[in-house]
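Let's take a walk through a protein model together. Keep the structure open beside you and follow along as we go.

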Amino acid sequence: MNKFATVLVLASICLAGVSAQCPRIVTRAQWGARAANTAQLPIRPAPWVVMHHTAGAACTTDAACAQQMRNIQSFHMDGNGWADIGYNFLVGENGAAYEGRGWGRQGAHAPGYNDRSVGMGVIGTFTNGIPNAAARNAAQQLISCGVSLGHIASNYWLIGHRQAVATACPGNAFFNEIRNWPRFNPNV
């Protein structure tokens, strides 16, 4: 085997390992995002992951989740006057991750952390119940994926939105759940 073929085989093995850690990611084009131009994240890899819930309707199908993404983006852009949807990624209860601003882009989700974090959340309201297993697994896979791809620091800290600003987000039940996830920081 020549050097070029060896490099291709090794690259394929590496990419297979990375994609195995990532959940299915639905791109902005696939969910029908409006065009936006947001700032690059100034601190990379991001040392923080801030977890949210959208405090709206949940979704369990690709079509319903895509519609929720469009609804949230419209609310953030038209209602709040933001440049785009505030989150970097959201996860549906269909087990898919939806690209918001995406990797390496500064979010508008947690004042004081926007320039140094990846904002992730689950579509729905999780005050009295936690997201289903598909959503929880996808969210944890997405964090691992971000670490593997170099977008999230390997020594990152995970917090709930309520730790950054006075809010009920990510809901009492979901907040109690993420307190048991790896790298949760209770001291914020």
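## The sheet and its middle strand

Start with one pair of residues: Trp48 has Ser117, in strand E5, as its bridge partner. Bear in mind that what you're looking at is a predicted model. Two more pairs worth finding are Val50, whose bridge partner in E5 is Gly119, and Val91, which stands opposite Val122 of E5. Strands in a sheet pair through backbone hydrogen bonds, in either a parallel or an antiparallel way.

Now zoom out. The sheet is an open one with six strands, in the order E1-E4-E3-E5-E2-E6, and its pairing is mixed. E1 and E6 are the edge strands, each pairing on one side only. E2 and E5 run parallel and are joined by six bridges. E3 and E5 run parallel too, with three bridges between them.

Is E5 enclosed or open to the outside? Six of its six residues are buried, so E5 is largely enclosed by the rest of the structure. Look at the two faces in turn: Ser117, Gly119 and Gly121 are on one side, Val118, Met120 and Val122 are on the other, and all of these are buried.

## The nonpolar cores

Which residues have the most contacts inside the largest nonpolar core? They are Met51, Trp103, Met120, Leu158 and Ile178, and the core has 27 residues. The elements giving two or more residues to this core are strands E2 (46-53), E3 (89-91), E5 (117-122) and E6 (152-160), along with helices H4 (133-148) and H5 (172-178). H4 gives the most, with six residues.

Met120 is a good place to click. Leaving out residues up to four places away in sequence, Met120 touches Val49, Val50, Met51, His52, Phe89, Trp103, Ala139, Leu142, Ile143 and Ile152. Apart from this core lies another one, of 13 residues, including Ala66, Ile72, Ile85 and Tyr87.

## Helix H3 and its two sides

Next, find helix H3, residues 62-79. How far apart should the ends of its 18 residues be, at 1.5 Å a residue? The expected span is 26 Å, and the end C-alpha atoms are 25 Å apart, which agrees.

The buried residues of H3 are Cys65, Ala66, Gln68, Met69, Ile72, Gln73, His76 and Met77. They cover an arc of only 160 degrees around the axis, which puts them on the same side of H3. There's a handy rule behind this kind of pattern: an α-helix has 3.6 residues a turn, so residues three or four places apart point the same way.

What do the buried residues of H3 pack against? Their partners are helix H2 (28-31), E3 and strand E4 (97-99). On the face of H3 turned away from its buried side, you'll find the exposed residues Ala63, Phe75, Asp78 and Gly79. After H3 comes Gly81, with a positive phi near 75 degrees.

## Charged pairs

Side chains of opposite charge can pair when their charged atoms come close. How many salt bridges are there in this model? The count comes to four.

One of these salt bridges is formed by the side chains of Arg24 and Asp62, at 2.8 Å from N to O. Arg24 sits in the loop between helix H1 (3-21) and strand E1 (25-26), while Asp62 is in helix H3, so this pair ties together parts that are 38 residues apart in sequence. Are these two residues buried or partly exposed? Arg24 counts as partly exposed, at 43% relative accessibility, and Asp62 is partly exposed as well, with a relative accessible area of 40%.

Compare that with Arg28 and Asp84, whose side chains meet in a salt bridge of 2.8 Å, N to O. Arg28 lies in helix H2 and Asp84 in the loop between H3 and E3, so the pair ties together parts that are 56 residues apart in sequence. Arg28 is buried, because its relative accessible area of 17% is under the 20% cut-off. Asp84 counts as buried at 2%.

Finally, Arg136 forms a salt bridge with Glu177, where the closest N and O atoms are 3.8 Å apart. Since Arg136 lies in helix H4 and Glu177 in helix H5, the pair ties together parts that are 41 residues apart in sequence. Arg136 itself is partly exposed, with a relative accessible area of 21%.

Conventions:
Residues numbered from 1 in each chain as written. Predicted model: local features only at pLDDT ≥ 70, side-chain atom pairs only at ≥ 80, totals over all residues. Heavy atoms only, no water. Core = buried A, V, L, I, M, F, W, Y, C linked by side-chain atoms within 4.5 Å. Buried < 20%, exposed > 50% of the residue type's maximum accessible area, 1.4 Å probe, protein only. Helix = DSSP H or I, 4+ residues; strand = E, 2+ residues; numbered from the N terminus. Contact = heavy atoms within 4.5 Å. Expected span 1.5 Å × (residues − 1). Arc of directions from axis to C-beta. Pairing = 2+ DSSP bridges.
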